[in-house]
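This report describes a model in running text, with one small table. Please look at the sequence and the structure before reading on.

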Amino acid sequence: MDPSISAAITASIESIINTALKYDPASKQKIAEINDVLAIESTAPALTIYCHGTSDGVRIMSHCEAPTATQLTGTPLALISLLKKPTTLAGSGVELAGSVGLLQRWQSILNNLDIDWEDAISSVLGDIAGPMAGKIISSGLSWSKQQGSEQTHKLKEYITEELKVTPSKAELVAFGDTVNEIKMDAERLQARFTELVRKTQKNAPTNNKDAQE
Amino acid sequence: MSTTEQSNTEQADKESSQSSEKTHFGYEEVRTEDKADRVAGVFHSVAGKYDLMNDLMSGGVHRLWKRFTIEVSGVRPGNKVLDIAGGTGDLAYKFSKLVGDTGQVILSDINSSMLNVGRDRLIDRGVNNNVQYAQLDAQFLPFADNTFDCVTIAFGLRNVTDKDMALRSILRVLKPGGRLLVLEFSKPQNSLLEKVYDQYSFRLLPFMGKMITNDADSYRYLAESIRMHPDQDTLKGMMDTAGFANTEFYNMTGGIVALHKGIKP
Ligand SMILES: C[S@@+](CC[C@H](N)C(=O)[O-])C[C@H]1O[C@@H](n2cnc3c(N)ncnc32)[C@H](O)[C@@H]1O
């Protein structure tokens, strides 16, 4: 994944959690005490994010130079449901390497935080990967228990494919919009400018041909 | 003798007395000793609106490029960091948070206007105790050997007249094991992206520069200097030649920008 995409994803998740922490100084304090790095590896889309605490809240990275204490591996859906509720690993579909204590610390903090994960994830992925992917993931989150494995499989495939192709497309679209806006602004400005020049010339007593008309 | 003739003669005198070596200023060829002045002109002219232009030019993506740079720096509490060509201090601000009270960050730039904007901005953002400011040229770093854990230069190397000299100078002031990070425009890895990007930087960039800073020439220079900058492999080779070890690079946004990393052995 292009580092500018993974950086956009980690920046968004970080800001969602830290916004929630503003209203929860007790959790913020608990997070500040977490120095060890937790790595969360999503299998599809392939992306590993790293988190640890700082005095400003959580820090989430797409690349980490420090050693990791615990690594979780699984699908985004499995990872999110494991992290947001203090459930056990068994049957969660998530593999763990390293210290389980670090996972439990995060679980108890995240469980207490008032974050609407479905909404948060769809807005993060919606911004980056287009609204479709975000919607599908968030509906997947609340439905995944009732749905058969075929549905889950389709969903996974969709997310992988979608996420593989959309980022650069989304970037290009956003970029195109900016360009268009600027173009339109420029045209408006040009029109106003022409109008202004016309008026000035009308008012000024010149022998300009246009002004005499 | 008319004034123009006079200045022409002066110019000729100057040329014969000084080295007539040439270097690039964007696509123009200028005498090596003049490049620094021309570059300074560009940045004096854009300093005040630099941040705004940065956001507009890159659609805000420069923040993500810088975010990734900080991650790869691996900077920890207590580290000493030098940010060269640091301009308005984006990297220095983040480093100052990471190194904490026991660390030190030096925000430096050759250009006093850029450095002043940077200093004001950092002070506004409440940074004071662990950041120092220095006006300096990347080619002649005024520090003792083996001083820094990390040196960064973001969107600055392409403006430096003698890049090899700057790389050697950086290597000298790094501690053994310390790392250099060069964030710089590079070669897009996809031909369609390259075309879109060409249109953007050669047409839109100078136009936006004109609208916002009333200075199309400076932004035309930026676009040209991006294209004259060494591509990924060339820059990596230059870092190897300067004496860096484990050199590698990460392409970002399809190679529009690359982050090069090298370690002092
Ligand atoms: C495009 S700005 C980059 C600012 C900042 N690092 C950023 O990423 O936003 C380039 C800076 O390089 C500085 N510069 C140019 N030549 C230099 C040199 N030889 N040594 C140090 N800085 C230089 C300019 O003054 C300018 O502030």
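A polar contact is a pair of N or O atoms within 3.5 Å; within protein, one must be able to donate a hydrogen and the other to accept it, and residues adjacent in sequence count only if both atoms are side-chain atoms. The model is predicted, so local features need pLDDT of at least 70 and side-chain atom pairs count only at pLDDT 80 or more, while totals for chains, interfaces and linings use all residues. Residues are numbered from 1 along each chain as its sequence is written, chains are lettered from A and ligands numbered from 1 in the order in which they are written, and side-chain values use heavy atoms, with hydrogens and water left out.

The ligand has these polar contacts with chain B.

| Ligand atom | Protein partner | Distance |
|---|---|---|
| oxygen | N or O atom in the side chain of B:D109 | 2.6 Å |
| nitrogen | polar backbone atom of B:A85 | 2.8 Å |
| nitrogen | polar side-chain atom of B:D137 | 3.0 Å |

On its own the ligand has 600 Å² of accessible area, and the protein covers 97% of that. Accessible areas come from the Shrake-Rupley method with a 1.4 Å probe; for residues, only the protein chains shown count as cover. Around the ligand there are 19 residues, of which B:K66, B:A85, B:D109, B:A138 and B:A154 come nearest; a residue is near if one of its heavy atoms lies within 4 Å.

Chain B has 265 residues, and 54% of them are buried, meaning under 20% relative accessible area (exposed is over 50%, partly exposed in between; 1.4 Å probe, protein chains only). The largest nonpolar core has 35 residues, and B:W65, B:L183, B:F185, B:V257 and B:L259 touch the most other members. Such a core is a set of buried Ala, Val, Leu, Ile, Met, Phe, Trp, Tyr and Cys residues joined through side-chain atoms within 4.5 Å. Beyond its neighbours within four places in sequence, B:F185 is in contact (heavy atoms within 4.5 Å) with residues including B:W65, B:Y197 and B:V257. A second, separate core has 28 residues, among them A:V58, A:I60, A:L79 and A:L110.

Is A:V94 buried or exposed? A:V94 is buried, because its relative accessible area is 9%. Apart from neighbours within four places in sequence, the contacts of A:V94 include A:L72, A:L79 and A:L89. A:V94 and A:L77 lie 17 residues apart in sequence, and their C-alpha atoms are 9.9 Å apart in space.
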